[in-house]
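Visitor: Hi, I've got a protein to look at and no idea where to start. Can you walk me through it?

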Amino acid sequence: MSARVIVVVLGKQGAGKGTQCKRLAQHLGVPHVSTGDILRAAVRDRTTIGLEVASILEAGQLVNDDLVNRLVEERFNDADTAGGALLDGFPRTEAQAEALDQILGDDGVKICINLDVPNALVAERLSSRRVCQECGAIYRDSDIEAISGTCTNCGGDVVQRADDMPEAIHQRLEVYERDTAPLLAFYEARGLLVRIDGDQAPQTVTAEILDALAERGVA
Ligand code: AMP
């Protein structure tokens, strides 16, 4: 059996997927693959795909499955994914989960972590979230980086994402319930689902995820 570490991290928007994947990537030495980051970079760089998806992202709707599946397939051609990847924001629909199985072949998803958080906390986290447009570092609105507008990691601009505005947050949570929540049953049926309480200090969440990975012999 191959030792490729493929971890799917699920959870509502604002559950802490990005924060946890960044931390886990350092621990595990596999890249953090965020389809949201890939799509936002395309929008920022005004590529053909970026121009196609910009209004969809802004409205908090999902980009079509074929396009996202293609981006992920291409990403898995990159050498840095040879040892595995932490998937953040993908899959988001059952069709994407099935496409992921196809892309990975026999060496498939090893574990799916769901970060459980109550809706009220998610809404609060998203509306106070600020991000660096360059490196994706995540801040809160009260952080010095958010107030100054400059990232301490890379000097990039720290902004509020358009889809973190109240209207889009509501839309995204509806889309999550409709399209993404069914994936919990999908991975549970395969015996791959582990639920972690996301309403804890980030380091506690990371430690619990690493324990779950170790218990299952994933990493
Ligand atoms: P995220 O950063 O994961 O919240 O993603 C931001 C936005 O990118 C989402 O609201 C969608 O518009 C789009 N997006 C990211 N990942 C996917 C995906 N797997 N399928 C469809 N759309 C996606």
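Guide: Sure, let's chat about the ligand, a pair of helices and two loops.

Guide: First, this is a predicted model, so local features need pLDDT of at least 70, side-chain atom pairs count only at pLDDT 80 or more, and totals for chains, interfaces and linings use all residues. Residues are numbered from 1 along each chain as its sequence is written, and side-chain values use heavy atoms, with hydrogens and water left out.

Visitor: OK! How many residues surround the ligand?

Guide: 16 of them, and the closest are T35, R40, Q61, G89 and Q96. To be in that shell, a residue needs a heavy atom within 4 Å of the ligand.

Visitor: Which helix gives the largest share of the shell?

Guide: Helix α2, residues 35-44, with 4 residues. Helices here are DSSP runs (H or I, at least four residues; strands are E, at least two), numbered from the N terminus.

Visitor: What's T35 doing there?

Guide: An N or O atom in its side chain sits 2.8 Å from a nitrogen atom of the ligand. A polar side-chain atom of Q96 is 2.9 Å from a ligand nitrogen, and for R172 an N or O side-chain atom is 3.3 Å from a ligand oxygen. The cut-off for a polar contact is a pair of N or O atoms within 3.5 Å.

Visitor: New topic: how do α2 and α3 cross?

Guide: Their axes (lines fitted to C-alpha atoms over the stretch in contact, with angles from 0 to 180 degrees between N-to-C directions) come within 8 Å and cross at roughly 115 degrees. The two are therefore roughly perpendicular, a label covering 65 to 115 degrees.

Visitor: And what's in the loop between them?

Guide: R46 is there, with a positive phi of about 55 degrees although it is not a glycine. Most residues other than glycine have a negative phi.

Visitor: Where's the cis peptide bond?

Guide: Between F90 and P91, with omega about 0 degrees. P91 is in the loop between β3 (84-88) and α5 (94-104).

Conventions
A polar contact is a pair of N or O atoms within 3.5 Å; within protein, one must be able to donate a hydrogen and the other to accept it, and residues adjacent in sequence count only if both atoms are side-chain atoms. Angles under 35 degrees count as roughly parallel, over 145 as roughly antiparallel, 65 to 115 as roughly perpendicular and the rest as oblique.
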